[in-house]
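Ready for a few exercises on a protein model? Try each task yourself before you read the worked solution.

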Amino acid sequence: MTAAHRVVVVGHGMVAARFVDLLLTYADRTGTAVCATVLGDEPHEPYNRLMLSEVIAGRASLGGLALPRHDERVTVLTGVTGTVLHRARRRLTTDQGHEIPYDTVVLATGAEPAFPGPALTPGGGVRSLRTLDDCRDLLAVVSRRAHVTVVGGGAAGPGARVRPAHAKGRGGAGAPGPHRPRAPARHERRPHRRAGRA
Ligand SMILES: Cc1cc2nc3c(=O)[nH]c(=O)nc-3n(C[C@H](O)[C@H](O)[C@H](O)COP(=O)(O)OP(=O)(O)OC[C@H]3O[C@@H](n4cnc5c(N)ncnc54)[C@H](O)[C@@H]3O)c2cc1C
């Protein structure tokens, strides 16, 4: 019997979750033995990041964003960051000092929010909306103060119009600040099926 092919996936966002789904489907179809370790630095199991702006808008709840779990071939490590790849030895070091051996490593680490200048860096009332925890913090903020200015015309920005239900105090009206997208919408809610495949 041949040993299972060991796949390590760094980052446990939507791309990682979809990749692991497809990997297992491929393994089942071809009779390939695989095992995967997926590590994500967020303290949560993977969730539908696209829906965070819907949560802010009051059209979805944080509890409903979890993505389906994988089967027993997959080990999920939450709150663990991949720090160093030892390519010659095919090992990944984590921030907890462990080394994870792999045959194939996949980097699915996503992107960081862009802050457009020194006046707009995190802190002092400036926040980004990338993670579930950002979303939770933002909900707490908008429930206290109604005035929110949204900077950025990408997928997360226009969708995140704060509903009155979340925006109590200071007059109580939901009040996202003026928003001027730089370009026409890049994608309508989700990428087109063919674009998604690409
Ligand atoms: C609020 C919001 C709304 C959006 N709406 C839309 C939409 O309507 N349509 C659309 O097409 N796109 C939308 N997007 C963009 C979409 O969510 C991203 O394109 C998608 O999540 C990218 O998936 P990913 O797996 O590459 O990265 P991510 O989802 O960012 O996942 C990467 C994960 O890896 C983790 N990570 C990074 N480095 C490490 C490391 N060294 N070790 C361990 N973990 C690590 C990150 O913390 C993160 O959890 C939206 C994004 C946001 C934030």
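**Exercise 1. Find out how much of the protein chain is buried, and how its elements are laid out.**

Step 1: This is a predicted model, and 28% of the 198 residues in its protein chain count as buried.

Step 2: Now the outside. About 12,600 Å² is exposed by the protein chain, and carbon and sulfur atoms supply 53% of that area.

Step 3: Go through the secondary structure and you get five helices and nine strands. Along the sequence they come in the pattern β-α-β-α-β-β-β-β-β-α-β-α-β-α.

Step 4: Check the contacts too. Among those in the protein chain with a separation of 6 or more, 63% join residues 24 or more positions apart.

**Exercise 2. Work out which elements build the largest nonpolar core.**

Step 1: List the members. The largest nonpolar core has twelve residues, including Val 7, Val 20, Val 34, Val 74 and Ala 108.

Step 2: Sort them by element. Strand S1 (5-10), helix H1 (14-30) and strand S2 (34-40) each bring in at least two residues of this core. H1 gives the largest share, with five residues.

Step 3: Zoom in on one member. Leaving out residues up to four places away in sequence, Val 34 touches Ala 4, His 5, Leu 23, Leu 24, Ala 27 and Arg 73.

Step 4: Look for a second core. Apart from the largest one lies another, of nine residues, among them Ile 56, Leu 132, Cys 135 and Leu 139.

**Exercise 3. Describe helix H3 and say which of its residues are buried.**

Step 1: Take its length. H3 (residues 132-144) has 13 residues and reaches 19 Å from its first C-alpha to its last, close to the 18 Å expected at 1.5 Å a residue.

Step 2: Pick out the buried positions: Leu 132, Cys 135, Leu 138, Leu 139, Val 141 and Val 142.

Step 3: Think about spacing. An α-helix has 3.6 residues a turn, so residues three or four places apart point the same way.

Step 4: Ask what lies over those buried residues. Their cover includes H2 and strand S8 (147-148).

Step 5: Follow Leu 139 across to Gly 58. Their C-alpha atoms are separated by 9.6 Å, although the two are 81 residues apart along the chain. Gly 58 sits in the loop between helix H2 (52-56) and strand S3 (74-78), and its relative accessibility is 29%, so this glycine counts as partly exposed.

**Exercise 4. Decide whether Cys 35 and Cys 135 are buried or partly exposed, then look for disulfides.**

Step 1: The cut-off for buried is under 20% relative accessible area. Cys 135 has 0% relative accessibility, so Cys 135 is buried.

Step 2: Cys 35 has a relative accessible area of 30%, so Cys 35 is partly exposed.

Step 3: Search the whole structure for disulfides and you find zero.

**Exercise 5. Place Arg 91 in its hairpin and list its contacts.**

Step 1: Arg 91 belongs to strand S5 (residues 91-94). Strand S4 (residues 82-86) pairs with S5 in the antiparallel sense over four bridges, and Leu 85 stands opposite Leu 92 in S5.

Step 2: Look at the turn. Four residues lie between the strands of this hairpin, and Arg 90 takes a positive phi near 55°.

Step 3: Set aside neighbours within four places in sequence. Arg 91 is then in contact with Val 84, Leu 85, His 86, Glu 99, Ile 100, Pro 101 and Tyr 102.

Step 4: Finish with accessibility. The value for Arg 91 is 29%, so Arg 91 counts as partly exposed.

Methods: Residues numbered from 1 in each chain as written. Predicted model: local features only at pLDDT ≥ 70, side-chain atom pairs only at ≥ 80, totals over all residues. Heavy atoms only, no water. Buried < 20%, exposed > 50% of the residue type's maximum accessible area, 1.4 Å probe, protein only. Contact = heavy atoms within 4.5 Å. Areas by Shrake-Rupley, 256 points an atom, 1.4 Å probe, with all protein chains shown as cover. Core = buried A, V, L, I, M, F, W, Y, C linked by side-chain atoms within 4.5 Å. Pairing = 2+ DSSP bridges. Disulfide = S-S within 2.5 Å. Expected span 1.5 Å × (residues − 1).
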